[in-house]
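Please open the model in your viewer and keep a selection panel at hand, since the tour moves from one selection to the next.

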Amino acid sequence: MSTTYGSFPGARPRRLRVNPTMRRMVAETRLHPAELILPAFVREDVTEPVPLQTMPGVLQHTRDSLRKAAADAVAAGIGGIMLFGVPEESKKDAVGTPGTDPDGILQVAIRDVRAEVGDDLVIMSDLCLDEHTDHGHCGVLDTEGRIDNDATLERYAEMARVQADAGVHTVGPSGMMDGQVGVVREALDGAGHQDVSILAYTAKYASAFYGPFREAVGSSLKGDRKTYQQDPANAREAMRELELDLAEGADMVMVKPALPYLDILRQIADAVDVPVAAYQISGEYAMVEAAAANGWIDRDRAIMETLTSVRRAGAGMILTYWAVEVAQRLNRGE
């Protein structure tokens, strides 16, 4: 089809890019504060927040500073907060006892945040054993040091009950155990917590980009998680995981990491009618911050570009360590 229309060139897409007002009006993808979720770490054995060397600007919170962070998140208008508990090293054991102790740091933090913000923020909790075990794996190990899937599910059921009792709105089973969503749903319903929703970590890949997160949660990991997290080479496998999670009762589904797996995110978003999230993980955050600190990229533009790409690929919710900062910028019309 000709695009000359009597003059050359007849089609001028640049007409829709002439100024910021025009670009804003015709933008196909928009970010909104309510779509952003802040991952937050709370540490048991500190009296002051601890800055993370590998994630500049991110803290291991005290209980008090976490409450303030939650209040700031509400003021910024973001949608939710995902809580990770970091217990004292001496309390970790082979089965992750702090994760099911009603007085464990994560459960205490859930109660703190719920008391601080009530229902003004969707309070989410990481439902996994890796922060709580002395070996750093996401499940219980058998006598040969392998993950025992079904024994791990029993622990997840206990975690779901104590987190729900503490007042969480949404649990995020992230260990990639077979059957985890169904077991968690049954445990929640059996304990009278039918209203607690499940954000399933549906496609969680064995990624190199988790590195800084290990500092954030004080991980004791030895070895790797390739036997239970997904192979980065596989896409169809993610769709199988999606089918299983939905059949087991997932209310929302997630892709993690975000930027290296935008193709997976797009496939999942096109296939489902439930909310879809993506987690912009620690390594994605650290790359931008490190490059910006060296003067190699424009930090603010890079942050917005990466988040827009995740939104454009189909995520209706984005977990990002920049959630509050970006929400404040959006609120200012930047």
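Which residue follows α3, and what is the sign of its phi? Select Gly118, which comes directly after α3 and has a positive phi, near 60°. Before going further, note that this is a predicted model, in which local features need pLDDT of at least 70 and side-chain atom pairs count only at pLDDT 80 or more, while totals for chains, interfaces and linings use all residues. Residues are numbered from 1 along each chain as its sequence is written, and side-chain values use heavy atoms, with hydrogens and water left out.

**Helix α3**

Now extend the selection back to residues 105-117, the helix α3; helices here are DSSP runs of H or I with at least four residues, strands are runs of E with at least two, and both are numbered from the N terminus. With 13 residues at 1.5 Å a residue, α3 should span 18 Å, and its end C-alpha atoms are indeed 18 Å apart, where the expected span is 1.5 Å times one less than the number of residues. Colour the buried residues of α3, which are Ile105, Leu106, Gln107, Val108, Ala109, Ile110, Asp112, Val113 and Val117; buried means under 20% relative accessible area, exposed over 50%, and partly exposed in between, with a 1.4 Å probe and protein chains only. Then display what these buried residues pack against, namely β1 (36-43), α2 (63-76), β4 (80-86), β5 (122-127) and α4 (149-166), with contact meaning heavy atoms within 4.5 Å.

**The annotated lysines and strand β7**

Next select Lys204 and Lys256, which an unreviewed UniProt entry annotates as "active site"; UniProt positions are given in the numbering used here, feature names are shortened, and annotations may be inferred rather than shown by experiment. The two lysines are spread over 53 residues of sequence, yet they cluster in space, with a largest C-alpha distance of 4.8 Å. Lys204 sits in strand β7 (residues 197-204) and is buried, with a relative accessible area of 6%. Leaving out residues up to four places away in sequence, Lys204 touches Ser174, Met176, Tyr210, Gln229, Gln230 and Lys256.

Stay on β7 and pick Thr202, which also lies in that strand and is buried at a relative accessible area of 1%. Apart from neighbours within four places in sequence, Thr202 is in contact with Met176, Gln230, Ala238, Glu241, Leu242, Asp245, Val253 and Met254.

**Two annotated arginines**

Select Arg214 and Arg225, both covered by the annotation "binding site" in the unreviewed UniProt entry. Arg214 is placed in helix α6 (residues 211-216) and counts as partly exposed because its relative accessibility is 26%. Arg225, by contrast, lies in the loop between α6 and α7 (236-248), and at 6% relative accessibility Arg225 counts as buried.

**The second largest pocket**

UniProt also lists Ser282 and Tyr321 under "binding site", again from an unreviewed entry. Although they are spread over 40 residues of sequence, they cluster in space, the largest C-alpha distance being 7.9 Å. Of these residues, Tyr321 is included in the lining of the second largest pocket, whereas the place of Ser282 is in helix α9, where Ser282 is buried with a relative accessible area of 1%.

Show the second largest pocket next: about 350 Å³ of space lies in it. Among its 20 lining residues, Leu38, Gly57, Val58, His61 and Tyr321 are the closest to the centre. The largest share of this lining, four residues, comes from α2.

**The largest pocket**

Finish at the largest pocket, which holds about 1000 Å³ of space. Its lining has 19 residues, of which Arg23, Arg24, Ala27, Thr29 and Thr308 lie nearest the centre. A pocket is an open set of points on a 1 Å grid over the protein atoms alone where a 1.4 Å probe fits, with protein on both sides within 12 Å along at least five of seven lines, and lining residues have an atom within 4 Å of a point. Grid points are joined across faces, edges and corners, and a volume is the space filled by probe spheres set on the points. To see where the lining comes from, colour α10, which gives the most to the lining of the largest pocket, with five residues.
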